[in-house]
Amino acid sequence: MSGPEAPSLATASPFTRAEMEAGRKLFAGDWQFAAAAGSAAALPRMRGVEIAVAGRSNVGKSSLINALTGRRALARISHTPGRTQELIFFAGPSKLTLVDLPGYGYAATSKAKVKAWTALIHAFLQGRANLARESLDKAAVNYQIVLTKADAAKNAELAALVAATEAALAQHPAAHPQVLVTSARTGTGIPELRSAIARLIKERGS
């Protein structure tokens, strides 16, 4: 492939074949836009398990959601950081919901709006008993670090970043210790992320 060297971390898959297949099946069904909430009052009723995707405004959260669900345009992708200013809910099979949170940093909007949606995010994270893994330390919900755009990094750079990130996670007891590396463009790590979500749902008995 052209461009940056394709990443290849020489580690065995932490997931069994059964878990990989469960992850594939979990996201093989129909996914649809379910709701958008710009205020705490507008949040939809809790449904099954929710996976919230949080990160900076330029990390490709919407692209990651599209890659997970196999839908190119399910989550709207913008070249202007900060365009997602609501919580966007996507409903899938098995009562699984993906939630695209407004990004932080680089947002092309006023500080007042950033403050408002930051408060909304915190209200959401603290008030959703069914939220699984993807959240913040202060919300007392465990979370998974997912590195995106892996195709833009060379092997050595990527390996060093993963090692540094996993070392930093030792200081965060709410964080899952394993870092998942993904690329929405090449598909790297997407099956593993699906499998991680399938394993989480099984562990929760949902």
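**Notes on the aromatic pairs, strand E4 and a helix contact**

The structure holds three aromatic pairs. Please keep in mind that this is a predicted model. Two of the pairs get a point of their own below, followed by the strands and then the helices.

1. A good place to start is phenylalanine 33 with phenylalanine 90, an edge-to-face aromatic pair with 6.5 Å from centre to centre and 75° between the planes. The two rings come from distant parts of the chain, 57 residues apart: phenylalanine 33 belongs to strand E1 (residues 32-37) and phenylalanine 90 to strand E3 (residues 87-91). Phenylalanine 90 has 3% relative accessibility and so counts as buried.

2. Next comes phenylalanine 89 with phenylalanine 124, where the arrangement is edge-to-face, at 6.0 Å centre to centre and 85° between the planes. This pair also links distant parts of the chain, tying strand E3 to helix H3 (residues 111-127) across 35 residues. Phenylalanine 89 is buried, at a relative accessible area of 2%, and phenylalanine 124 is buried too, at 0%.

3. Now have a look at strand E4 (residues 96-100). Five of its five residues are buried, so the strand is largely enclosed by the rest of the structure. Leu96, Leu98 and Asp100 point one way from E4, while Thr97 and Val99 point the other way, and all are buried. You may want to note that a charged residue, Asp100, is among them.

4. E4 has strand partners worth tracing in the viewer. Strand E2 (residues 49-53) runs parallel to E4 and is joined to it by five bridges; within this pairing, valine 49 stands opposite leucine 96. E3 pairs with E4 in the antiparallel sense, over four bridges. Here phenylalanine 90, the ring from point 1, stands opposite leucine 98 of E4.

5. The hairpin of E3 and E4 has four residues between the strands, and serine 94 takes a positive phi near 60° there.

6. Finally, the helices. How do H1 and H5 pack, in angle and in distance between their axes? Helix H1 (residues 17-26) meets helix H5 (residues 190-204) at an angle of about 95°, with the axes 7 Å apart. Angles of 65 to 115 degrees count as roughly perpendicular, and therefore H1 and H5 are roughly perpendicular to each other. On the H1 side, the contact is made by Glu19, Met20, Ala22, Gly23 and Leu26. On the H5 side, the contacting residues include Pro191, Arg194, Ile197 and Ile201. By class, seven residues of this contact are nonpolar, two polar and four charged.

Definitions and conventions
Residues numbered from 1 in each chain as written. Predicted model: local features only at pLDDT ≥ 70, side-chain atom pairs only at ≥ 80, totals over all residues. Heavy atoms only, no water. Axes fitted to C-alpha atoms, helices over the stretch in contact; angles between N-to-C directions. Helix = DSSP H or I, 4+ residues; strand = E, 2+ residues; numbered from the N terminus. Parallel < 35°, antiparallel > 145°, perpendicular 65-115°, else oblique. Contact = heavy atoms within 4.5 Å. Phe/Tyr/Trp six-rings, centres within 6.5 Å; stacked < 30°, edge-to-face > 60°. Buried < 20%, exposed > 50% of the residue type's maximum accessible area, 1.4 Å probe, protein only. Pairing = 2+ DSSP bridges.
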